[in-house]
Amino acid sequence: MDDTEAPLIDRRTVLAAPLALVLPCTALATAPAAAPATKVLRLSFRGDETSFDPAKISDLYSRCITTQIFEALYGYDHLARPVKVVPVLAEGMPEITENFKVWTIRIKRGVYFADDPVFKGKPRELTAEDVLYAFKRLVDPANKSPSATSILDDNMVGLAEVRQRALDTKKPFDYDAPVAGLKAFDRYTLQFRLGEPRPRFVTGTLASGSLSGAQAREVVEFYGEQTGAHPVGTGPFRLKSWTRSSKIVLERNPSFREMRYDAQPGPDDAEGQAILARFKGRRLPMVDEVQISIIQESQPHWLAFLNAEVDGLVTSSGAVPPELTPIAAPNGKLAPNLARRGVQLYRSVLSDTTMLYFNMEDPVVGGYTPEKVALRRAVSLAYDVHREITLIRRGLGIPAQSPMVPFTSGYDPAFKSEMSEYDPAKANALLDMFGYLDRDGDGWRELPDGKPFTLQYASQPEQIYREYNNLTRRGLKDIGVRIDFPVQQWPAHLKAAQAGKLQMWSLGLSSADPDGQTGLQYLYGPQAGQQNLARFKLPAMDKLYEQTASMEDGPEREKLFLETKRLCTAYMPYRYIVHRLGTDVLHPWVHGYRRPVFWNNWYHMVDVDPERRIKPA
């Protein structure tokens, strides 16, 4: 593609224009006014969604949809940087008592769920019980929620006991059982009572779109196992249609309350102030429909943008693929052909990390004995992360050193660890020292007991993963270790990972709040099989996790975070690889976009100008 590429225009638009000139004036005078054009925001995902039931989601793509449909008590200001928590369903900020253990909240009146046949044509107002019900669903064993342990970590008094009773008796979870830690005092007032201080309960739980989102009990009970295909929330959009792994369409929720555009960018934030000046007071959502196409391969994904079939490629759901970034933004600047078309470019480091996990229960790579630790460390040392960043990511990444990600507490850009090292010589020395030797001289090492072994690293079918696989294979060949890459789609791997059936797999973690504690969930023993896919169980790490969860922010907490980083590096249950740099591009007819830091619910905060849109070829 060269710089002379012209914008794509639908020829039918050009040919039809002269016909209007020959119509009689009377016809023009009496013709009814044209209906306003439907405003459609078109986006794409790089991976498959799994479900739209908030209690059962662990993938980012599905969560990008549910956060448009369901609402939490709190959220984040769309324009404020640094980030700022704002009420969503709540009426103001919580009343906090008893050393961060008791949180009393009033919810807004006049908030209604989207219309659904379950409600039999009657408006269904949100109540305090709907909020509490959603939290209970997260710990109901029948839902197998990936978020269960996160909620249990908050230690809502009495909630774990109701869950355990369901597990012990093998009876359904008792949603009507009184729970001291979850109370509704009246229709609009609720209270959380926690067993331990949780200073960041708002940002870590109440503002997290992945952990909370009010649900109507009658909807879930009516649809049962099909609830994931029938999401009914209070948010700005509702599900219009869904073709699995192909296309998702959201439409404006007619029952959505009157909400006006407002935000609080800093006084010296020129970009934020300009967006606010343009949209302040506009009713939300500003678009009528959102269409999301699932396009997994890089080239079709990029071509869909160039041909105006999608309006933007944005981080979290599908930014510009790294291998195509030199085409979109050579040397960090928008390509001239795109600039002439008015394309908008956004680049920044993301609050995320990619990571390889080792199944700590696997007989080959798992375990805590010195030889097992040595194998994991050697595999890590044999992987050239700098080559990945340079050749595969085209410079769009920085080496990760620990579980903490940018923009969160505990993250220190000056901290360095073995996570980012590439040292085949050290890897070979470790393997020699702990008995992984090539006894038969065929160039491949055997286990310390003399048995042959081949590592199994789960992979996906897309072309980009072949590049990562080749880099990994090359590094392990240099240290005499065989490796295979069993291929399946991402949802299938996720299911196997949660069941503890994968030996090794790499995936990404995006932080949902500004607290570094989020990254430590993946190392916490009670989260094994949920967030903790490595099934890492170390008492010293669990103790640190529990200590940092109860402490207020400050130097003492940062010291404990440093200890967790060192333990993680020493045992290597995860090899953290890169913090990604995202490259977002949007066509000029999309207005008001600002890359979110920790949240995904922004579709209602942007506008589309149908008159400027270039129709797809």
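Which exposed residues does the face of H9 turned away from its buried side carry? In this predicted model, that face carries Ala 270, Ala 277 and Arg 278, whereas Gly 272, Ile 275, Leu 276 and Phe 279 of helix H9 (residues 270-279) are buried. Because these buried residues cover an arc of only 100 degrees around the axis, they lie on the same side of H9. Their packing partners are strand S20 (590-591) and strand S21 (607-608), and H9 is followed by Gly 281, whose phi is positive, near 90 degrees.

Two separate nonpolar cores can be described, as set out below.

| Core | Size | Residues named |
|---|---|---|
| Largest nonpolar core | 65 residues | Tyr 357 and Leu 455, with the most contacts inside it |
| Second, separate core | 48 residues | Tyr 76, Leu 159, Ala 214 and Val 219, among others |

Helix H13 (residues 370-381) gives the most to the largest core, with 5 residues. Leaving aside residues up to four places away in sequence, Leu 455 touches a set of residues that includes Val 364, Val 365, Val 379, Leu 476, Val 481 and Ile 483, and also Arg 482, Asp 484 and Gln 503.

A helix pair completes the account. Helix H14 (residues 385-392) packs with helix H16 (residues 463-477) at an angle of about 145 degrees, the axes being 11 Å apart, and the crossing of the two helices is right-handed. On the H14 side the contact is made by Arg 387, Glu 388 and Ile 392, and on the H16 side by Ile 464, Glu 467, Tyr 468, Leu 471 and Arg 474. The residues of this contact divide into 4 nonpolar and 4 charged, with no polar ones.

Technical notes. Residues numbered from 1 in each chain as written. Predicted model: local features only at pLDDT ≥ 70, side-chain atom pairs only at ≥ 80, totals over all residues. Heavy atoms only, no water. Axes fitted to C-alpha atoms, helices over the stretch in contact; angles between N-to-C directions. Helix = DSSP H or I, 4+ residues; strand = E, 2+ residues; numbered from the N terminus. Left-handed = near helix turned anticlockwise from the far one by under 90°. Contact = heavy atoms within 4.5 Å. Nonpolar A, V, L, I, M, F, W, Y, C, P; charged D, E, K, R; others polar. Core = buried A, V, L, I, M, F, W, Y, C linked by side-chain atoms within 4.5 Å. Buried < 20%, exposed > 50% of the residue type's maximum accessible area, 1.4 Å probe, protein only. Arc of directions from axis to C-beta.
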